[in-house]
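Walk through the pockets of this structure, one at a time. Keep the 3D view open as you read.

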2 protein chains.
Amino acid sequence: MGVRELGLPERAADPGALPGRVTIWEVGARDGLQNEKTVVPVEVKAEFLDRLARAGLTTLEATSFVHPKWVPQLADAEDLLARLPRHDGVRYPVLVPNERGLDRALAAGVTHIAVFASATETFARRNLNSDLDAQFSLFEPVITRARAAGVDVRGYVSMCFGDPWEGVVAPEQVVSVGRRLRDLGCTQLSLGDTIGVATASSVERLLDTFTSGGVPVGELAVHFHDTYGQALANTLAALRRGVTTVDSSAGGLGGCPYAGSATGNLATEDLVWLLDGLGIAHGVDLDALVDTSVWLAGHLGRPSPSRVVRALAAR
Amino acid sequence: MGVRELGLPERAADPGALPGRVTIWEVGARDGLQNEKTVVPVEVKAEFLDRLARAGLTTLEATSFVHPKWVPQLADAEDLLARLPRHDGVRYPVLVPNERGLDRALAAGVTHIAVFASATETFARRNLNSDLDAQFSLFEPVITRARAAGVDVRGYVSMCFGDPWEGVVAPEQVVSVGRRLRDLGCTQLSLGDTIGVATASSVERLLDTFTSGGVPVGELAVHFHDTYGQALANTLAALRRGVTTVDSSAGGLGGCPYAGSATGNLATEDLVWLLDGLGIAHGVDLDALVDTSVWLAGHLGRPSPSRVVRALAAR
């Protein structure tokens, strides 16, 4: 009798088995550009997303319906979405912080949204002007109304490994936040290492705490920042635990590596290089992606921090 | 009956088990500085090595006795060694390309040397002016005389995963080169990804080919370059295979990340961050190491490419 007949997850047979295919959740246009000092013109953003779609990326987080006062870089959300060309099999999720944001997103015809929760008390207070417990009453009407409108909802859980005020975050606390988002209707949880302090062991520990708590690994995505150079090693650890959705940003957008702190996302190109080496399908044309990152770097006025982009662009 | 009684390697009991302690083989002063455009004054090199030793690094590859015509950056080898302060438990291996180099090394009183072999035909011809088979007759007298003088010999195997002319390199070919070095008297093999093309899977495959070919994992070190951002993920894969010696360079010295191609070594600071996260002992004081890399970056006139250095230096 095989593992499937026993009803066990396939992973149990071989704790180091890798998935055959991974979905790259490209966050460059949202998580990347919202942290860039340069405000990128809307037509450049539209071309950026179109190029990424033509390079084979199928999940492109396009923008955020946060109040323009807080993130002026993304104040053009409606305009951008109206300009995006449709490609078969490509989706453009958007971040939605509250019901006002949801109204705007629904009016713009979006089909996938994401909410942004905190795993820690302090970050909930600082980022959401709420608290760890109260954040769910913010999200509840957003998720409920979105689902009723046929819109899929991802739940970001930020500060999953540590935060600047509380230090190390207990996996059980993260799982508790994640499960509440799931109970409200989120179909996927993206586990964010917002300040880049995770290492492979803490990644494994958190994923194991989720799965032993009844959340299937197929509902979990990982979202790493490369602040301490650990993003790709953390991704490898997550893949070996069976994770099949990985967040990254084209060219490693999102930090400012030449101005002191490097807080960029994992670069999509470096991720693609790893997946190719591991024999994991992803559907992305690396050369087209590198061309896109080099082209965008020209608009941002600085080279990409992605090692793959730098190495291939130098050829 | 336990695994030990069966005479199996401990790793067989748990393919994901991590070593309790790792030796960091710090190559910044040799592999790093030989690739820097700036020629660093000998007194700065001596202070660099002294600072690294005081930060807790115990294996500091100091320089190379290659002909100064080929590597002018290291022409001060004798002068540098004479200036190095002795610390208990600290060794300063040097690279030795030939018998003339060995004469110089022995005259300088070194106790540990390394020879530099190629895993590919083309690189043997280009780098050693030899060929894959003939390189061993170059090394044989060097290794034999060194061992007779009580000097320990490490064997570098370069281009272990791919080279720019021959593409992918077969693990069996690398193992064949490594075994011949070992038969000649090398006590450790450092498996080098000279052009940075390895990924976790190819690392595992090579290590497995060595161990199934009778070379104990305790005699293997790994030497990764971060050209495509894979160095730390590759290190994680090697640690999970039981490797206990990892090469790295303080601050990621050795490439020129702001001039197109990034060919630097794995940064020691990023490695230390990983080891700390995995609970693996290493003996290094990270703050002292970061201070040293920031100090040296001032002499080189450019910031360190290490993500940990940039993040911690910005605090």
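The paragraphs below take the largest pocket, then the second largest.

The model is predicted. Its largest pocket holds about 1,200 Å³ of space. The lining counts 44 residues. To find the centre, look for Gln34(A), Val71(A), Phe116(A), Phe123(A) and Asn127(A), the lining residues nearest to that point.

Which elements of chain A build this wall? At least two lining residues each come from α1 (28–32), α4 (99–107), α5 (121–128), α6 (135–148) and β6 (152–158) of chain A. The top contributor is α5(A), with five residues. In chemical class, the lining splits into 20 nonpolar, 17 polar and seven charged residues.

Where does the largest pocket sit relative to the domains of chain A? Domain 1 of chain A covers 23–87 + 268–315, and domain 2 covers 111–243. Both supply lining residues, so the largest pocket lies between them.

Now turn to chain B. The second largest pocket encloses about 1,000 Å³ of space. Its lining has 35 residues, and Gln34(B), Val71(B), Phe116(B), Phe123(B) and Asn127(B) are the ones nearest the centre. Two or more lining residues come from each of α1 (28–32), α5 (121–128), α6 (135–148) and β6 (152–158) of chain B. Here α5(B) gives the most, again with five residues. The class split for the second largest pocket is 16 nonpolar, 15 polar and four charged residues.

Methods: Residues are numbered from 1 along each chain as its sequence is written. Chains are lettered from A and ligands numbered from 1 in the order in which they are written. This is a predicted model: local features need pLDDT of at least 70, side-chain atom pairs count only at pLDDT 80 or more; totals for chains, interfaces and linings use all residues. Side-chain values use heavy atoms; hydrogens and water are left out. On a 1 Å grid over the protein atoms alone, a cavity is a set of points where a 1.4 Å probe fits but cannot get out, and a pocket is an open set with protein on both sides within 12 Å along at least five of seven lines; lining residues have an atom within 4 Å of a point. Grid points are joined across faces, edges and corners, and a volume is the space filled by probe spheres set on the points. Helices (H or I, at least four residues) and strands (E, at least two) are DSSP runs, numbered from the N terminus. Ala, Val, Leu, Ile, Met, Phe, Trp, Tyr, Cys and Pro count as nonpolar, Asp, Glu, Lys and Arg as charged, and the others, Gly among them, as polar. Domain bounds come from an automatic or database domain assignment.
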